[in-house]
Amino acid sequence: MGNIAYIGLGSNIENRLENLREAITALSIVKEINVVNSSSIYETDPVGYEEQDQFLNMVIQVETELTPFELIDACLEIEKNLGRKRLFRWGPRNIDLDILLYNHENIETDKLIIPHPRMHERAFVLIPLLEIHPNVSLPEMEQPLQRLLEAIPDRKGVR
Ligand SMILES: Nc1nc2nc(S)n(CCO)c2c(=O)[nH]1
């Protein structure tokens, strides 16, 4: 398989748990994607736009033959097939798949930015990611992400 990627999942409308489960099933059905690890599921306070319901968030580790661009296309396809509903940017959504990391690569295009540009400030990403990858560090940051998490007050409403 070769490449290792970390994908953040989130849902805060409808049957959130079912939405996450269906997304993981859809990913593992793709023959070039092998889901090798998954974090616990966390209930988290919405950030970015507070007037919405709690999210369920988690992070999975995949091995994949796909390039980063093929992987994001597969994620977008899955969101579409699960009937992704997003009323407005930052608003409630039934499923969200974000590629957080792909190997140790930095990718910056208008279609794809990896590492995910906001992951280092999001406890709802860092906590599940560190659960399955404790000493992860970002390509351009020497210090491990664990240190960054210590800088985020009171785990930012991640339970
Ligand atoms: N807790 C929490 N807040 C969020 N705000 C946005 S936007 N999102 C969507 C992910 O970008 C989330 C999320 O997944 N979890």
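In this predicted model, glutamine 61 sits in strand 4, which runs over residues 55–64. Despite its polar name tag, this glutamine is worth a look for its surroundings: glutamine 61 has a relative accessible area of 14%, so it falls under the 20% cut-off and counts as buried. Leaving aside residues up to four places away in sequence, glutamine 61 touches Ile4, Ala5 and Tyr6, then Asn34, Val35, Val36 and Asn37, and also Ile132. Of these contacts, Ile4, Ala5 and Tyr6 belong to strand 1 (3–11), while Asn34, Val35, Val36 and Asn37 belong to strand 2 (33–38).

Helix 1 comes next. It covers residues 16–29, and its 14 residues should span 20 Å at 1.5 Å a residue; the end C-alpha atoms are indeed 20 Å apart, so expectation and model agree. Which residues of helix 1 are buried? Asn19, Leu20, Ala23, Ile24 and Leu27 are. These five cover an arc of only 130° around the axis, which means that they lie on the same side of helix 1. As for what that side meets, the buried residues pack against strand 1, strand 2, strand 4, helix 2 (68–81) and strand 5 (96–102). Strand 4, the home of glutamine 61, is thus one of the packing partners of helix 1.

On to the charged pairs, where the salt-bridge count comes to eight. One of them joins glutamate 43 to arginine 16, with the closest N and O atoms 2.8 Å apart. This pair ties together distant parts of the chain, since glutamate 43 is in strand 3 (residues 42–44) and arginine 16 is in helix 1, 27 residues away. Neither partner reaches the buried class: glutamate 43 has 29% relative accessibility and so counts as partly exposed, and arginine 16, at 21%, is partly exposed as well.

Helix 1 also holds a local pair. The side chains of glutamate 18 and arginine 21 meet in a salt bridge, at 3.2 Å from N to O, and the two residues are three apart in the helix, about one turn. Glutamate 18 is partly exposed, with a relative accessible area of 28%, and arginine 21 is partly exposed too, at 47%.

Helix 2 has a pair with that spacing: lysine 80 and glutamate 77 are three residues apart, about one turn of the helix. Their side chains form a salt bridge with an N to O distance of 3.9 Å, which still counts because the cut-off is 4 Å. Here the two partners fall into separate classes. Lysine 80 is exposed, with a relative accessible area of 55%, whereas glutamate 77 is partly exposed at 39%. Beyond these pairs, salt bridges also link Glu79, Arg84, Arg93 and Asp96 into a network.

The surface has a nonpolar side to it as well. Tyr49, Leu87, Phe88 and Trp90 make up a nonpolar surface patch, and together they have about 390 Å² of accessible area. Where does leucine 87 lie? It is in the loop between helix 2 and strand 5. With a relative accessible area of 63%, leucine 87 is over the 50% cut-off and therefore exposed.

Conventions:
Residues are numbered from 1 along each chain as its sequence is written. This is a predicted model: local features need pLDDT of at least 70, side-chain atom pairs count only at pLDDT 80 or more; totals for chains, interfaces and linings use all residues. Side-chain values use heavy atoms; hydrogens and water are left out. Helices (H or I, at least four residues) and strands (E, at least two) are DSSP runs, numbered from the N terminus. Buried means under 20% relative accessible area, exposed over 50%, partly exposed in between (1.4 Å probe, protein chains only). Contact means heavy atoms within 4.5 Å. The expected span of a helix is 1.5 Å times one less than its number of residues. The arc is that of the directions from the helix axis to the C-beta atoms. Patches are made of residues with over 30% relative accessible area and no salt bridge: like charges are joined within 9 Å, nonpolar side chains (Val, Leu, Ile, Met, Phe, Trp, Tyr) within 5 Å. Accessible areas come from the Shrake-Rupley method with a 1.4 Å probe; for residues, only the protein chains shown count as cover.
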